[in-house]
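Work through these exercises with the sequence and the 3D view side by side. Try each task before you read its solution.

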Amino acid sequence: MRAPRPAHRRLAVAALAAAVTLGAAPAASAASATGQAPAGRTAAAPAVAEAAYTAKERAEALAYWTPERMRKTGQAVDLGKTGPLAKPWKGTPMKTVGRLFFVNANGDDTWCTATAVRSGNHSVVMAAGHCVRRPASPDNTYTDLVFVPGYDKGERPYGVFPVAATVTPASWAKDAVGDVAALTVDPVKGRKLTDAVGGQPVAFDRAPGAKVTSFGYPATSPQRGESPLTCTGTAKEAPGDELVMPCDMTGGASGGPWLADFDAKSGLGTLVSVNSHGDALEHSRTMSGPRFGAVAKAVYERAQQRR
């Protein structure tokens, strides 16, 4: 249920989840995440946590997120100078990647990065779990969510897609484990999301060690979330059923895609993780993301079942 709208909204940026809040998954959880089960037994799909928004709430979100409000949300935050590892993207416009604007549990206007992916309903976006609900707090889901694919310096070339529902692992809602989310969005002017912008394929249970390209809209200067930045490096295995790569993007880049086999000309690759957290609150040199196994697959499958 929607919380009452505060009289005055504060402006903030969605921080990358702190590494210390995630920790390593217990051994039993890690086994579930990879889909393993004791001999002779079939592993059940991991449980998910869902939030849905009424037609009225989605209309309110569209009315709320004006171009001016989006601009002010970015200009109100400055997390310092863009680091040396994150580069401005100057290639083919990334139609599938955009900004995910929302109001968090504190009533703050803020944003993450998200990606349109191929799905049965042509309407799924992938992001980080902390972009849609507060971790380890089952009732604290965020409101007024809209996805703007291809956002660049205030331009919204493919429209603004209101979020109809979000899905995260139940473990994220309860225990802050499994920082991944899938969102189902409404069509814009009768056109579904991936019919308008295309979609990245998603891979599950990929072995670590691949070269990946990550994208995000961090709140660092001079971009301040207005244009995408990118990092490229090898995704290595990390504790807690995560992957890690060299990247110094900060808050606002949360939820951005890790694309393996990325083709700069087409703007397409294969989504294998999303930006979750760095190795420090300031001057981080690495980015970690959840390993896409059974948990991420269950989240994705539930989102693509929605119509």
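**Exercise 1: The overall fold**

Among contacts (heavy atoms within 4.5 Å) with a separation of 6 or more, 73% join residues 24 or more positions apart. This is a predicted model, where local features need pLDDT of at least 70, side-chain atom pairs count only at pLDDT 80 or more, and totals for chains, interfaces and linings use all residues. Residues are numbered from 1 along each chain as its sequence is written, and side-chain values use heavy atoms, with hydrogens and water left out.

Task: state how many helices and strands the protein has, and what share of its residues is buried.

Solution.
- Step one: count the elements. The protein has seven helices and 17 strands. These are DSSP runs numbered from the N terminus: H or I with at least four residues for helices, E with at least two for strands.
- Step two: take the burial. Of 307 residues, 54% count as buried. Buried means under 20% relative accessible area, exposed over 50%, and partly exposed in between (1.4 Å probe, protein chains only).

**Exercise 2: One helix, two sides**

Task: find which residues of helix H3 are buried, and explain why they line one face.

Solution.
- Step one: list the buried residues. In H3 (residues 55-64) they are Glu57, Ala61 and Tyr64.
- Step two: look down the axis. The buried residues of H3 fall within an arc of 65 degrees, so they line one face of the helix. The arc is taken from the directions from helix axis to C-beta atoms.
- Step three: recall the helix geometry. An α-helix has 3.6 residues a turn, so residues three or four places apart point the same way.
- Step four: turn to the other side of H3. Ala55, Lys56 and Ala63 are exposed there.
- Step five: name the packing partners. The buried residues of H3 pack against helix H4 (67-75) and strands E2 (48-52), E4 (97-103), E5 (108-117) and E7 (143-149).

**Exercise 3: The nonpolar cores**

Task: say which residues have the most contacts inside the largest nonpolar core.

Solution.
- Step one: fix the term. A nonpolar core is a set of buried Ala, Val, Leu, Ile, Met, Phe, Trp, Tyr and Cys residues joined through side-chain atoms within 4.5 Å.
- Step two: read the core. The largest has 57 residues, and Leu100, Met126, Leu183 and Phe292 have the most contacts inside it.
- Step three: follow Met126. Leaving aside neighbours within four places in sequence, its contacts include Ala114, Val180, Leu271, Phe292 and Tyr300.
- Step four: look for another core. A second, separate one of 15 residues includes Leu229, Cys231, Met245 and Val272.

**Exercise 4: Unusual backbone**

Task: say where the cis peptide bond and the positive phi values of Ala136 and Arg224 lie.

Solution.
- Step one: know the background. Most residues other than glycine have a negative phi, and most peptide bonds are trans.
- Step two: find the cis bond. It runs from Ser221 to Pro222, with omega near 10 degrees. Pro222 is in the loop between strand E10 (211-216) and strand E11 (229-234).
- Step three: take Arg224. Its phi is positive, about 55 degrees, although it is not a glycine. Arg224 lies in the loop between E10 and E11. It is buried, with a relative accessible area of 16%.
- Step four: take Ala136. Its phi is near 55 degrees. Ala136 sits in the loop between strand E6 (124-127) and E7. It is partly exposed, at 45% relative accessible area.
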